[in-house]
Amino acid sequence: MNINNLPKNISVFPLSDVVFFPKTILPLNIFEKRYIQLVNDSMKDQRLFGMIQPKKERRDQDVYEVGCLGKIINFNETGDGRFLINLSGIIRFRVKKELNSNKLYRKFEVDYSDFVSDLELQKNNKNNHSEKNFLKKIKFFFNKNNYSVEFNELEKLNFDQLISAICMISPFSPEEKQKLIETIKLDERLRVLEEIINFNILDIQKNKTIQ
């Protein structure tokens with residue numbers, strides 16, 4: 001997909017504690033009236049809308065600056081009127097301003113220029129990193145959090161997809177997740193991810209020692 005073909009004004013679904021990255025799949029259960037309307041409108045157009053985190057202190061108003069544009073690749077309607085969809089991550093965006101809208105949901109003018117690399121097929125970076133040690137640390141971290149993950153499926157991913165998937169599914173704080181999505185380069189994101197994991201592991205061990 002060419003960046004010039006992407007909409008500059010997009011519908012946005014603010015969702016707490018969710019970090020959504022390009023080349024990942026996000027399953028969503030849509031039941032609120034405003035987001036039913038958003039999905040309906042998206043299905044009539046390019047099937048595109050953005051995901052972004054709201055800020056905790058003003059959950060219904062302020063959002064973070066960076067989110068991710070996704071495309072609906074699977075759509076099902078339930079008997080009780082809900083939508084079950086899968087959203088495929090395309091490219092991150094930076095919010096420029098919120099737009100006036102007569103819709104129930106929110107719309108923003110966005111800029112993709114900082115994240116053009118999201119559209120590229122990145123080379124497999126497994127040879128440049130100790131993937132086995134990284135996965136070992138991830139497994140240790142998830143086990144400490146009693147977190148069940150299908151590691152066989154994760155190991156099938158390219159390294160950039162693996163990093164994005166870990167960022168998305170890990171039980172980090174909203175602030176930690178936002179730091180990850182705002183980190184532009186893959187190598188830098190891996191460094192930040194490992195710092196966050198190390199901090200969380202130390203915190204878990206500290207709490208167990210105190211108890």
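Which residues does S170 touch, not counting residues up to four places away in sequence? In this predicted model, the answer is F141, F142, Y147 and K177. Let's start from that serine and then walk through the rest of the protein.

## S170 and the helix before it

S170 sits in the loop that links helix 4 (159–169) to helix 5. Its relative accessible area is 1%, and because buried means under 20%, S170 counts as buried. The side chain of S170 also reaches back to the backbone oxygen of I166, at 2.6 Å.

I166 is itself one of the buried residues of helix 4. The full set there is F159, D160, L162, I163, S164, A165, I166, C167 and M168. With 9 of its 11 residues buried, helix 4 is largely enclosed by the rest of the structure.

## The overall layout

Stepping back, the protein has 6 helices and 6 strands. Read from the N terminus, the order of elements is β-β-α-β-β-β-β-α-α-α-α-α. The chain has 211 residues, and 44% of them count as buried. If you look at contacts between residues at least 6 apart in sequence, 67% of these join residues at least 24 apart.

## Helix 1 and its strands

Helix 1 covers residues 33–44, which makes 12 residues. From its first C-alpha to its last it reaches 17 Å, close to the 16 Å expected at 1.5 Å a residue.

Which residues of helix 1 are buried? They are Y35, I36, L38, V39, D41 and S42. These buried residues pack against strand 1 (9–14), strand 2 (25–30), strand 3 (48–52), strand 4 (66–77) and strand 5 (83–99).

## T24, a buried loop residue

Between strand 1 and strand 2 there is a loop, and T24 is part of it. T24 has a relative accessibility of 4%, so it counts as buried. Leaving aside neighbours within four places in sequence, T24 is in contact with L87, S88, G89, S164, A165 and M168. Three of those partners, S164, A165 and M168, also appear among the buried residues of helix 4.

## A cavity inside the protein

How many cavities of 30 Å³ or more does the structure hold? There are 2. The second largest has a volume of about 40 Å³. Its lining is made by V18, V19, F20, M51, I52, Q53, V66, G67, Q178 and I181. Strand 3, strand 4 and helix 5 (174–182) are the elements that give two or more residues to this lining. Sorted by class, the lining of the second largest cavity has 7 nonpolar residues, 3 polar residues and no charged ones.

## Two residues with a positive phi

Most residues other than glycine have a negative phi. Against that background, two loop residues are worth a look. R47 has a positive phi of about 65 degrees although it is not a glycine, and N146 likewise has a positive phi, near 55 degrees.

Where do they lie? R47 is in the loop between helix 1 and strand 3, while N146 is in the loop between helix 2 (131–144) and helix 3 (151–154). R47 is partly exposed, with a relative accessible area of 33%. N146 is exposed, at 74%.

## D114 and R94

D114 belongs to the loop between strand 6 (106–111) and helix 2. Its relative accessible area is 36%, so D114 is partly exposed. Not counting residues up to four places away in sequence, D114 touches R94 and I184. D114 and R94 are 20 residues apart along the chain, and their C-alpha atoms are separated by 7.9 Å. Their side chains make a polar contact with each other at 2.9 Å.

## Loop residues side by side

Here are the loop residues from this tour, with the accessibility of each.

| Residue | Relative accessible area | Class |
|---|---|---|
| S170 | 1% | buried |
| T24 | 4% | buried |
| R47 | 33% | partly exposed |
| D114 | 36% | partly exposed |
| N146 | 74% | exposed |

Methods
Residues are numbered from 1 along each chain as its sequence is written. This is a predicted model: local features need pLDDT of at least 70, side-chain atom pairs count only at pLDDT 80 or more; totals for chains, interfaces and linings use all residues. Side-chain values use heavy atoms; hydrogens and water are left out. Helices (H or I, at least four residues) and strands (E, at least two) are DSSP runs, numbered from the N terminus. The expected span of a helix is 1.5 Å times one less than its number of residues. Buried means under 20% relative accessible area, exposed over 50%, partly exposed in between (1.4 Å probe, protein chains only). Contact means heavy atoms within 4.5 Å. On a 1 Å grid over the protein atoms alone, a cavity is a set of points where a 1.4 Å probe fits but cannot get out, and a pocket is an open set with protein on both sides within 12 Å along at least five of seven lines; lining residues have an atom within 4 Å of a point. Grid points are joined across faces, edges and corners, and a volume is the space filled by probe spheres set on the points. Ala, Val, Leu, Ile, Met, Phe, Trp, Tyr, Cys and Pro count as nonpolar, Asp, Glu, Lys and Arg as charged, and the others, Gly among them, as polar. A polar contact is a pair of N or O atoms within 3.5 Å; within protein, one must be able to donate a hydrogen and the other to accept it, and residues adjacent in sequence count only if both atoms are side-chain atoms.
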